[in-house]
Amino acid sequence: MARYKGVRQRHWGSWVSEIRHPLLYTRIWLGTYETAEDAARAYDEAARLMGGPAARTNFPLTHDGGC
């Protein structure tokens with residue numbers, strides 16, 4: 001099983017995501033998800049909003065070739 005940053009599994013099977021605020025040292029709840037990958041993507045989005053393009057994420061930023 002892959003382990004993602006900011007993601008954990010509830011004992012009944014759903015996945016949750018949260019991130020720590022870099023200045024306040026508090027956790028920010030990002031939600032509950034059906035898969036670990038969806039929870040990891042939510043973490044990545046929050047990490048990029050808080051830390052910019054240099055943020056540590058679970059998945060690399062991909063460009064779809066759009067405008």
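Two strands are taken to pair if DSSP finds at least two bridges between them, and strands (E, at least two residues) and helices (H or I, at least four) are DSSP runs numbered from the N terminus. The model is predicted, so that local features need pLDDT of at least 70 and side-chain atom pairs count only at pLDDT 80 or more, whereas totals for chains, interfaces and linings use all residues. Residues are numbered from 1 along each chain as its sequence is written, and side-chain values use heavy atoms, with hydrogens and water left out.

**View A. Pairing of β2 with β3 (residues 27-33) is antiparallel, over six bridges.** Glu 18 stands opposite Trp 29 in β3. Six residues separate the strands of this hairpin, and Tyr 25 in the turn has a positive phi of about 55 degrees.

**View B. Ser 14 lies in the loop between β1 (7-9) and β2 (15-20).** Ser 14 is buried (under 20% relative accessible area, 1.4 Å probe, protein chains only), with a value of 17%. Its side chain makes a polar contact (N or O atoms within 3.5 Å, one able to donate a hydrogen and the other to accept it) with the side chain of Trp 12, at 3.1 Å. In the same hairpin of β1 and β2, Gly 13 takes a positive phi near 115 degrees.

**View C. Val 7 faces Ser 17 across the strands, standing opposite this residue of β2.** β1 and β2 run antiparallel and are joined by three bridges. Beyond its neighbours within four places in sequence, Val 7 is in contact (heavy atoms within 4.5 Å) with residues including Trp 15, Ala 36 and Ala 40.

Definitions and conventions:
Buried < 20%, exposed > 50% of the residue type's maximum accessible area, 1.4 Å probe, protein only.
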